[in-house]
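Hi everyone, thanks for making the time. I'd like to walk you through one model this morning, so let's put it on the screen.

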Amino acid sequence: MVAVVAESSALSELLARPAALPALPRAIRELTTLLDSEEVSLDAVVRLLGAEPGLAMRVLRLANSSFYGRTRAVESVADAVLLIGLAALKVLVLGSGITAAVRLPESLARGHYWRHCLHTAVGARYFAVHAQVDPQAAFTAGLVHAIGEPILGQQFGAELRRLDERLPFYDGERAEGERQRLGVGYPEVGAELARRWHFPATLVEAIRAAPEPLREAPFNPYAGCVYLARHLASDTERKRNPQESCATLDARVLDQLGLSAEVAFAMPPYARLSQGLETLFS
């Protein structure tokens, strides 16, 4: 009980700092609201994208990427939206908004950080498909699971640089190391940011619980998918043998998701799963 109170106090102190948590750009908020509505007008989506040329260009680049394997170029935004689908479009919109809203501190190399987040996202989607839960929701949870990390880095740069020497940001013990040093970890900060960005409650809790999905009840399957994907993505950063990485997964998480260890061993390399999606952050 004492640890929870300390974390809550530290998080409250952080949130009291001016502009501690960034806001999503207005155009991104409008698009995500539209994409969340029960009846989505393609014309309205294309009109809003037309007001954001940079985002429209990303949509076209994604539609023409190797991920979709097109043999003919997609030239209009409307055709691109029809090709990639509204669920994928929402992920792209959120990815664009997040990269625009969140400023990475010097301690986090842009390519390194976003690569790890993208790998976690595609890995979470892979496990979600096998666990028969929403793969797009799992992808989103994986993409933003560590969004609290750059925010802590902006506010507590010196402290976290010292922690980096022992626990890099992608380490599985990073969250607990931050709690011990700062009283709050990146999952709590990220969950609060997701709540303020009006993410579904299931995803907010997935972000909070992902480092230790078995500690929360009831079990959140998206947290479980993100945990598995992050673990393997972390070992990818360390260039460890994939077979060894799979062997060190917490088998209880696999059991909760109804998955066998063979599913983890059969996961394709992250470079293949994420091929063509780098446009989210370029």
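Let me start with Ala-201, which sits in helix H12, residues 201–209. A word on the naming: helices here are DSSP runs of H or I with at least four residues, strands are E runs of at least two, and both are numbered from the N terminus. Ala-201 is exposed, at a relative accessible area of 59%. By that I mean over 50% relative accessible area, while buried is under 20% and partly exposed is in between, with a 1.4 Å probe and protein chains only. Ala-191 is ten residues away from Ala-201 along the chain, and their C-alpha atoms are 9.4 Å apart.

Before I go on, some housekeeping. This is a predicted model, where local features need pLDDT of at least 70 and side-chain atom pairs count only at pLDDT 80 or more, while totals for chains, interfaces and linings use all residues. Residues are numbered from 1 along each chain as its sequence is written, and side-chain values use heavy atoms, with hydrogens and water left out.

Now to the aromatics. A pair of aromatic rings is described by the distance of the centres and the angle of the planes. Rings of Phe, Tyr and Trp (its six-membered ring) pair if their centres lie within 6.5 Å; planes under 30 degrees apart are stacked, over 60 edge-to-face, and the rest tilted. That rule gives five aromatic pairs. One of them is Tyr-113 with Phe-169, a tilted pair with 5.6 Å between centres and 45° between planes. This pair connects distant parts of the chain: Tyr-113 belongs to helix H6 (residues 110–131), Phe-169 to the loop between H9 and H10, and they are 56 residues apart. Both Tyr-113 and Phe-169 are buried. Phe-169 also pairs with Tyr-170, and because the centres are 5.4 Å apart and the planes are at 80°, that pair is edge-to-face. Phe-169 has 8% relative accessibility, and Tyr-170, at 11%, is buried too. Put Trp-114 alongside Tyr-113, Phe-169 and Tyr-170, and you have one aromatic cluster.

That loop between H9 and H10 has another resident, Arg-166; helix H9 covers 157–164 and helix H10 covers 174–182. Is Arg-166 buried or exposed? It is exposed, with a relative accessible area of 54%. Arg-166 joins Arg-161, Arg-162 and Arg-181 in a positive surface patch.

For contrast, look at helix H8, residues 148–155, which is mostly covered, with six of its eight residues buried. Those buried residues are Gly-148, Glu-149, Pro-150, Ile-151, Leu-152 and Gly-153.

Next, salt bridges. Side chains of opposite charge can pair when their charged atoms come close. The criterion here is a side-chain nitrogen of Lys or Arg within 4 Å of a carboxyl oxygen of Asp or Glu. How many salt bridges does the structure hold? There are 17. In one, Arg-195 pairs with Glu-192, with the closest N and O atoms 2.6 Å apart. Both lie in helix H11, three residues apart, or about one turn of the helix. An α-helix has 3.6 residues a turn, so residues three or four places apart point the same way. Glu-192 is buried, at 12% relative accessible area.

Another salt bridge joins Glu-212 to Arg-215, at 2.9 Å from N to O. Glu-212 is partly exposed at 34%, and Arg-215 is exposed at 60%. These two belong to a network of salt bridges that also links Glu-176, Arg-179 and Glu-188. Then there is Arg-238 with Asp-235, at 3.6 Å from N to O. Here Arg-238 is partly exposed at 26%, while Asp-235 is buried at 5%.

Finally, some backbone details to check on your own screens. Gln-132, not a glycine, has a positive phi of about 60°, and this residue lies in the loop between H6 and helix H7 (135–144). Gln-132 is exposed, at 73%. His-198, again not a glycine, has a positive phi of about 65°; His-198 is in the loop between helix H11 (186–196) and H12. At 68% relative accessibility, His-198 is exposed. And where is the cis peptide bond? It joins Ala-217 and Pro-218, with omega about -5°, and Pro-218 is in the loop between H12 and helix H13 (221–237).

Thanks for listening!

Note on methods:
Patches are made of residues with over 30% relative accessible area and no salt bridge: like charges are joined within 9 Å, nonpolar side chains (Val, Leu, Ile, Met, Phe, Trp, Tyr) within 5 Å. Accessible areas come from the Shrake-Rupley method with a 1.4 Å probe; for residues, only the protein chains shown count as cover. Lys and Arg count as positive and Asp and Glu as negative; His and the chain ends are not counted. The place of a charge is taken as NZ of Lys, CZ of Arg, CG of Asp or CD of Glu.
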